[in-house]
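Open the model in your viewer and keep the sequence panel beside it. This tour goes from one selection to the next and says what is there.

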Amino acid sequence: MRRIFLSFLLAGAAQADEMAAPPPVAAQDAQIKVQAATNPPASLFEADTLRKQRAPLEIALLRAMVRDSKVEKGFFNSLFSSKVNQSDIDLLTEMDSFIDRFAELAETAEIYQLKSQINLRMNAYPQAAINELMLLAAYPDSSFVLEAQKELHALSDDKLKKHELILKVMSDTAKSLSGDQEQRVATYLIFLGSLREADFAAAIAAECALFLARNQTFLDEDKIEHALAHQKMLYSPEMAVFHFKKLLALYPASPLRADSQLSVGLIEREALKRYAEAVASFKTVIADFPDADEARQAHESLANTYDENLRDYVNAIAAYEAIASRYKNDAVVLRSLQSLARLYQDKTHQPAQALATYRRVYDIFKGREGLAALVKAQKIAVSHLSDWNQAIEINDLIMRAYPDSDEAVTALYGNGVIYEENKKEIEHATRLYQDLINRYPQHELSKDAKRRINTLTQKK
């Protein structure tokens, strides 16, 4: 794109020259003599041809520099000196510049191989792996492919052993690509951008940035920008926000806008601790993308920010209730009602509302989540409200809805205790204990029930 823009500037300059007033005759004569003494300007095609003819010479120079700049260090020197030196950094910059100018040339595969060599001697093993992988993706027919595969295998067995599985996935994906070179590279970068491997993030982000700088034909640049931003999230949150906002500004029709806006909010909340800004970002997602999957997460993150970070419980309650109203029986409703119940119980100290919220969980979710909610509701009824009738009612519900569960045995025993100790209905309590003994003779609580019956009989 930069080359197209340069051509446009050159054409505009030429047109401006034609429109300018002609110089004096003496100046014209001098101009003619100067032009006659020099070669005529080369066409763009000729310039491009010359540029490509020089590329192998530049590769040879870089190859020699990589070889000659290698410094062998003795044991004691290595203890007191860094593996990184300025010449290696400068070489990597030169090679990135070469890739920017000559990515389409088959010979450029060697540049990735040379970059990998420098990465290895700098102990930058993830970067070395990414360079070998980019070689596989961009130049599958290169004579350097076998060497790249060999180096990846060595890294998987040694320095990057803990990443062995993901390296295999990366390598297999690189081998499966199709299309022209730019399409293959773009597809691969989008795949790499979806990974959440912090050790590789900087190298992946750098490759995305290089692609965006040299891209001329791949139209879906927003996907590469999105991949770059997600990798930046893993090690540079401020710059991740910049790139997500760049996507929002430059690509108004991108299908990745909802995720980008949500990601901005998540970074503001989790990494930057800018809670007011995070609230604004989450509200933007909800308002601008109400039907997107990201809106669901934005609703939940908004409620959690109010609850856990800002301690604004009024707005937190409203946000949790909005989730329950909008998403009905979705998993986000389960999490929101559970959080709301804890808020009522531990933060605003409203046990009755907490109990009612746990019962709402059971009304919507009948599985293990519903059972756990009933158990918590029963404990609140006993420990915080001394509401014996409601506690008995919840225990009865547990026994009916989950008769084969361990919680059902506990509920039966709990009702016996309530009738014995709180309602003072000894005969009713005795019948419940005996029912437990008859139905669950091997259960641990059966022994407790027998002891209680014996004690009650002695009292009689």
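Select Thr 357 first. Is this residue buried or exposed? Thr 357 has a relative accessible area of 3%. Buried means under 20%, so Thr 357 counts as buried. Bear in mind that this is a predicted model.

Now show the helix around it. Thr 357 sits in α19, which runs over residues 351-364. Next, display the contacts of Thr 357, skipping neighbours within four places in sequence. Four residues should light up: Leu 337, Leu 340, Ala 341 and Tyr 344.

**Next stop: α22**

Select residues 406-422. This is helix α22, with 17 residues. How far apart are its end C-alpha atoms? They are 24 Å apart. At 1.5 Å a residue the helix should span 24 Å, so the two values agree.

Colour α22 by burial. The helix is mostly covered, with 12 of its 17 residues buried. Pick them out along the helix: Ala 408 and Val 409, then Ala 411, Leu 412, Tyr 413, Gly 414, Asn 415, Gly 416, Val 417, Ile 418, Tyr 419 and Glu 420.

What covers these buried residues? Add these helices to the view, which are among the cover:

- α20, residues 368-383
- α21, residues 388-401
- α23, residues 426-439
- α24, residues 444-459

Before leaving, click on Lys 424, which follows α22. The phi of Lys 424 is positive, near 60 degrees.

**Next stop: α6 and α7**

Select residues 109-121 for α6 and residues 125-138 for α7. The two helices pack with their axes 8 Å apart, at an angle of about 170 degrees. Angles over 145 degrees count as roughly antiparallel, and therefore α6 is roughly antiparallel to α7. The crossing of α6 with α7 is left-handed.

Show side chains at the contact. From α6, look for Ala 109, Tyr 112, Gln 113, Lys 115, Ser 116, Asn 119 and Leu 120. From α7, look for Tyr 125, Gln 127, Ala 128, Asn 131, Glu 132, Met 134 and Leu 135.

**Last stop: the whole chain**

Clear the selection and zoom out. The chain has 24 helices and 0 strands. Of its 460 residues, 43% count as buried. Switch on the surface: the chain exposes about 25,000 Å². Carbon and sulfur atoms supply 55% of that area. Finally, consider contacts between residues at least 6 apart in sequence: 56% of them join residues at least 24 apart.

Key: Residues numbered from 1 in each chain as written. Predicted model: local features only at pLDDT ≥ 70, side-chain atom pairs only at ≥ 80, totals over all residues. Heavy atoms only, no water. Helix = DSSP H or I, 4+ residues; strand = E, 2+ residues; numbered from the N terminus. Buried < 20%, exposed > 50% of the residue type's maximum accessible area, 1.4 Å probe, protein only. Contact = heavy atoms within 4.5 Å. Areas by Shrake-Rupley, 256 points an atom, 1.4 Å probe, with all protein chains shown as cover. Expected span 1.5 Å × (residues − 1). Axes fitted to C-alpha atoms, helices over the stretch in contact; angles between N-to-C directions. Parallel < 35°, antiparallel > 145°, perpendicular 65-115°, else oblique. Left-handed = near helix turned anticlockwise from the far one by under 90°.
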